[in-house]
Amino acid sequence: MKTVITYGTFDLLHAGHINILHRAKAMGDYLIVGISTDSFNVIKHKEAYHTFENRKMILEAIRYVDKVIPEDSWEQKIHDIETYNVDILVMGDDWEGEFDYLNEYCNVIYLPRTTGISTSQIKDNLRNL
Ligand code: C2G
């Protein structure tokens, strides 16, 4: 069984999120998503609309996602990779290069982001309605 992992805040879920989850799952048999906790979002300087619990519930309802774990630090990825015997870490290419150090533990793959959509863009558009 090939295990894939990806990480993110996944707030105000949109097609860009679904596209990467779909492509990540297609690379293996089991997809784990590390979803940023509300406290880790503060460290990431991100403010999510939905709480961690709500974002977790929403991700767990997605057919491509097999397991959701909390992401509460930058440093946990190695532990996660070893704990879950992860074969592939997938991230959008806005993170290109940032996780190359993890190639020692698994295969790190960056996928093209979905253009024309982002959570911050959705928030801006709604503000201007
Ligand atoms: N994404 C994408 N296309 C978009 C928007 C997002 O492919 N239009 C991808 C991002 O590249 C990321 C994932 O969707 O791989 C989740 O995006 P965010 O929720 O914005 O996550 P981020 O803040 O990038 O957190 O440790 C890693 C961080 O937790 C990643």
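This text leads through the ligand of a predicted model and the pocket in which that ligand is found.

A good place to begin is the ligand itself and the shell of protein around it. The shell is made of 22 residues, and of these K46, E71, K77, D94 and I117 come nearest to the ligand. By character, the residues of this shell divide into eight nonpolar, eight polar and six charged.

Some of the contacts can be followed atom by atom, each of them ending at an oxygen atom of the ligand. At F10, a backbone N or O atom lies 2.8 Å from an oxygen atom of the ligand, and at G92 a polar backbone atom is 3.0 Å from a ligand oxygen. W95 makes its approach through the side chain, where a polar atom lies 2.8 Å from an oxygen atom of the ligand. On its own the ligand has 630 Å² of accessible area, and the protein covers 96% of that area.

Which elements give two or more residues to the shell around the ligand? They are the strand β1, formed by residues 3-8, the helix α1, formed by residues 15-26, and the strand β4, formed by residues 88-92. Among the elements, α1 gives the most to this shell, with three residues.

From the ligand, the view can be widened to the space that holds it. The space taken by the ligand is the largest pocket, and this pocket has a volume of about 720 Å³. Its lining consists of 32 residues, of which T9, H17, K46, D94 and R113 are the closest to the centre of the pocket. The elements that give two or more residues to the lining are β1, α1, β4 and α5, the last of these spanning residues 119-127. Here the largest share comes from α1, which supplies four residues to the lining. Taken by character, the lining residues divide into ten nonpolar, twelve polar and ten charged.

Conventions. Residues numbered from 1 in each chain as written. Predicted model: local features only at pLDDT ≥ 70, side-chain atom pairs only at ≥ 80, totals over all residues. Heavy atoms only, no water. Near = heavy atom within 4 Å. Polar contact = N/O pair within 3.5 Å; in protein donor to acceptor, adjacent residues only side chain to side chain. Areas by Shrake-Rupley, 256 points an atom, 1.4 Å probe, with all protein chains shown as cover. 1 Å grid on protein atoms, 1.4 Å probe; cavity = no way out; pocket = protein on both sides within 12 Å on 5 of 7 lines; lining within 4 Å. Sits in = over half its atoms within 2 Å of the grid points. Nonpolar A, V, L, I, M, F, W, Y, C, P; charged D, E, K, R; others polar. Points joined across faces, edges and corners; volume = space filled by probe spheres on them.
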